[in-house]
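This briefing goes through one protein chain by topic, starting with the overall fold and ending with two individual residues. Please keep the sequence and the structure at hand while reading.

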Amino acid sequence: MSKRIFFLLFLSLFSTSLFAERLAVLYPEARAPYNLIFQQIINGIQAEHKLQLVTYPLKKNYDPEQLLAQLSSDNIEMVITLGRRGFLMADLLMNKIPFVSGALPLKPNGISGVSLIADPDSLLTKLLELAPNTKNIHVIYSPVNQWLIDLAHYAAKQRQLSLKSYKVNDLSDAIKTYKQVINNANSKTDALWLPLDKITSNERVVLPLVLEKSWKNKLLLFSSKPSHAKRGTLFSVFPNNEGSGERLVQMVKQLYFQKTKPGVEPMKSNKLGVNLRTAGHLGLKYSSIQLKTFSATFPIPE
């Protein structure tokens with residue numbers, strides 16, 4: 001083989017490896033501490049993606065068309081968008097570059113990604129770890145969360161739990177249903193789940209009411225919203241951002257290699273926040289080993 005042919009072959013192989021699986025991350029430009037979540041997700045992406053990674057911090061007034069041209073110029077082959085600012089690129093990226101989205105409460109919409117909405121399977125796992133005598137779970141939800149409730153029914157069945165779901169269409173119907181459920185629930189075996197739902201987990205009206213009545217009836221209350229454990233639910237979950245980043249890489253590579261179209265999946269990688277005052281009120285006690293597995297406990301000591 002001549003030196004020229006050898007050089008051209010080497011150059012071809014070098015160029016192929018240089019841009020192979022070149023991944024871009026589009027995320028909102030933000031100052032500390034607001035950028036922490038995105039940085040943690042990017043750390044997870046870097047841990048999972050060992051090849052070339054290019055990050056694009058996005059200003060509020062960025063030009064999506066110009067960014068698309070830049071991605072093409074930079075030989076980007078896969079994209080992960082984070083937050084609403086990154087998600088603005090979805091329509092432009094569709095059918096051009098394989099992409100997935102994260103750091104948003106995504107619902108099934110034809111786009112693949114990891115939702116901030118907690119996976120019911122992981123929620124029920126944590127519920128049984130904290131309250132193993134639970135047999136029945138009640139959840140009140142609006143129609144937009146039907147996909148999540150379907151997943152919850154499957155997860156409950158796998159654990160021999162009874163999930164009783166109540167679909168409502170407005171706030172007044174939700175309040176009425178909550179009162180009925182709490183009054184009729186068995187505090188020894190039942191639990192009430194607050195999903196991430198604008199109607200049935202309304203912060204101003206529903207949450208104070210449900211916290212008060214469940215406390216009075218000693219009914220176990222848990223939530224998908226991170227801040228609710230601090231407010232008084234037995235536990236809530238918050239995202240493991242590094243784990244989310246790792247999963248986003250796996251999903252975008254599935255699209256890139258055309259193995260499957262993952263779709264939207266709830267966040268399976270979650271951290272646990274527990275309200276120990278509520279646990280004591282419910283008669284629940286945890287060992288020192290269990291306490292070490294909690295990512296956060298409330299109330300926070302002064």
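The secondary structure of the protein chain comes to 13 helices and 13 strands. The model is a predicted one. A search of the whole structure finds seven salt bridges, and three of the pairs are taken up below, followed by a strand and two residues.

**Overall fold and surface**

- The C-alpha trace of the protein chain spans about 85 × 45 × 40 Å along its principal axes.
- Of the 302 residues in the protein chain, 46% are buried.
- Among the contacts in the protein chain with a separation of 6 or more, 70% are between residues 24 or more positions apart.
- The exposed surface of the protein chain is about 16,100 Å², and carbon and sulfur atoms supply 53% of it.
- The protein chain has 37 positive and 22 negative charges, and the mean positions of the two sets are 5 Å apart.

**Salt bridge between Asp121 and Arg159**

- Side chains of opposite charge can pair when their charged atoms come close.
- Asp121 and Arg159 form a salt bridge in which the closest N and O atoms are 2.8 Å apart.
- This pair links distant parts of the chain, 38 residues apart: Asp121 is in helix α6 (residues 120–130), and Arg159 is in the loop between α7 (146–158) and β7 (162–167).
- Asp121 counts as partly exposed, because its relative accessibility is 32% and the partly exposed range runs between 20% and 50%.
- Arg159 is partly exposed as well, with a relative accessible area of 22%.

**Salt bridges around Arg231 and Glu203**

- Arg231 and Glu203 meet through their side chains in a salt bridge, at 3.3 Å from N to O.
- Arg231 lies in helix α10 (residues 228–231), while Glu203 lies in the loop between β8 (190–194) and α9 (206–217), so the salt bridge ties together parts that are 28 residues apart in sequence.
- Which residues are linked with these two in a network of salt bridges? The network is made up of Glu203, Lys225 and Arg231.
- Arg231 is partly exposed, at a relative accessible area of 42%.
- Glu203 is also partly exposed, at 26%.

**Salt bridge between Glu265 and Arg247**

- Glu265 forms a salt bridge with Arg247, and their closest N and O atoms are 2.7 Å apart.
- Because Glu265 lies in strand β11 (residues 264–267) and Arg247 in helix α11 (residues 241–256), the pair ties together parts that are 18 residues apart in sequence.
- Is Glu265 buried or exposed? Its relative accessibility is 11%, so Glu265 counts as buried, the limit being under 20%.
- Arg247 has a relative accessibility of 25% and counts as partly exposed.

**Strand β5 and its partners**

- Five of the six residues of strand β5 (residues 113–118) are buried, so this strand is largely enclosed by the rest of the structure.
- Strand β4 (residues 99–104) runs parallel to β5, and two bridges join them.
- Leu104 stands opposite Ser115, which is in β5.
- β5 also runs parallel to β11, and three bridges join these two strands.
- Met267 in β11 is the bridge partner of Ala118.
- The strand β11 that pairs with β5 is also the strand in which Glu265 lies.

**Ser201**

- The position of Ser201 is in the loop between β8 and α9, the loop that also holds Glu203.
- Ser201 is buried, since its relative accessible area is 8%.
- Ser201 is in contact with Leu194, Pro195 and Val206, leaving aside its neighbours within four places in sequence.
- From Ser201 to Gln158 there are 43 residues in sequence and 26 Å in space, C-alpha to C-alpha.

**Leu211**

- Helix α9 is the place of Leu211.
- With 15% relative accessibility, Leu211 counts as buried.
- Which residues are in contact with Leu211, leaving aside its neighbours within four places in sequence? They are Leu221, Arg231, Gly232 and Thr233.
- One of these contacts, Arg231, is also part of the salt-bridge network with Glu203 and Lys225.
- Leu211 and His228 are 17 residues apart along the chain, and their C-alpha atoms are separated by 9.7 Å.

Methods:
Residues numbered from 1 in each chain as written. Predicted model: local features only at pLDDT ≥ 70, side-chain atom pairs only at ≥ 80, totals over all residues. Heavy atoms only, no water. Salt bridge = Lys/Arg side-chain N within 4 Å of Asp/Glu carboxyl O. Helix = DSSP H or I, 4+ residues; strand = E, 2+ residues; numbered from the N terminus. Buried < 20%, exposed > 50% of the residue type's maximum accessible area, 1.4 Å probe, protein only. Contact = heavy atoms within 4.5 Å. Areas by Shrake-Rupley, 256 points an atom, 1.4 Å probe, with all protein chains shown as cover. Lys, Arg positive; Asp, Glu negative; His and termini not counted. Charge placed at Lys NZ, Arg CZ, Asp CG, Glu CD. Pairing = 2+ DSSP bridges.
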